[in-house]
Amino acid sequence: MNIKPLADRVLVKPDAAEEKTAAGIIIPDSAKEKPLSGTVLAVGKGTKDEEMVLKEGDKVLYGKYAGTEVEFDNEKYLIMRQSDILATI
């Protein structure tokens, strides 16, 4: 991975959006909700006031509007502050 977050930021690979409902109905692309969970791929070193508690490989939950979406090698990622992460799974 060539992306290395700085300070208290983390790089997250969002989980795939649901393709079907529990009843088996296929959801079209226009109606899919943005996933709110993902896997941490890289972390910064933290700041002097806030140490980095997340590590690579952590499964996390984050807010609906958290982070900045970036595209690298035709893959979509999110870069966000550690404080935008709500919980680990």
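A pocket, as the word is used here, is an open set of grid points with protein on both sides within 12 Å along at least five of seven lines. In this predicted model, the largest pocket holds about 170 Å³ of space. Rolling a probe the size of a water molecule over the atoms shows where empty space is left.

Before turning to the walls of that pocket, a quick look at the fold. The chain has 6 strands and 0 helices, so reading from the N terminus simply gives β-β-β-β-β-β under the strand and helix assignment used here. Of the 89 residues in the chain, 29% are buried. The accessible surface of the chain adds up to about 6200 Å², and carbon and sulfur atoms account for 52% of that. As for how the chain folds back on itself, take the contacts between residues at least 6 apart in sequence: 61% of these link residues at least 24 apart.

Back to the pocket. Its lining is made up of P14, D15, K34, P35, Y62, E69, K76, Y77 and L78. Sorted by class, that comes to 5 nonpolar and 4 charged residues, with no polar ones. The biggest contributor is strand β5, spanning residues 75-81, which supplies 3 residues to the lining of the largest pocket.

One of the lining residues, K76, sits in strand β5. K76 has a relative accessible area of 47%, and it counts as partly exposed because that value falls between the 20% and 50% cut-offs. Setting aside residues up to four places away in sequence, K76 touches K13, P14, E69, V70 and E71. Two of those partners, P14 and E69, also appear in the lining of the largest pocket. The chain also brings K76 and V12 together from 64 residues apart in sequence, with their C-alpha atoms separated by 9.2 Å.

A second residue worth a look is D58, found in the loop that runs between β2 (37-43) and β3 (59-62). Despite its loop position, D58 is buried, because its relative accessible area of 13% is under the 20% cut-off. A polar atom of the D58 side chain lies 3.0 Å from the backbone nitrogen of K55. Once neighbours within four places in sequence are left out, the contacts of D58 are G38, T39, V40 and T88. Of these, G38, T39 and V40 fall within the 37-43 span of β2.

Methods:
Residues are numbered from 1 along each chain as its sequence is written. This is a predicted model: local features need pLDDT of at least 70, side-chain atom pairs count only at pLDDT 80 or more; totals for chains, interfaces and linings use all residues. Side-chain values use heavy atoms; hydrogens and water are left out. On a 1 Å grid over the protein atoms alone, a cavity is a set of points where a 1.4 Å probe fits but cannot get out, and a pocket is an open set with protein on both sides within 12 Å along at least five of seven lines; lining residues have an atom within 4 Å of a point. Grid points are joined across faces, edges and corners, and a volume is the space filled by probe spheres set on the points. Helices (H or I, at least four residues) and strands (E, at least two) are DSSP runs, numbered from the N terminus. Ala, Val, Leu, Ile, Met, Phe, Trp, Tyr, Cys and Pro count as nonpolar, Asp, Glu, Lys and Arg as charged, and the others, Gly among them, as polar. Buried means under 20% relative accessible area, exposed over 50%, partly exposed in between (1.4 Å probe, protein chains only). Contact means heavy atoms within 4.5 Å. A polar contact is a pair of N or O atoms within 3.5 Å; within protein, one must be able to donate a hydrogen and the other to accept it, and residues adjacent in sequence count only if both atoms are side-chain atoms. Accessible areas come from the Shrake-Rupley method with a 1.4 Å probe; for residues, only the protein chains shown count as cover.
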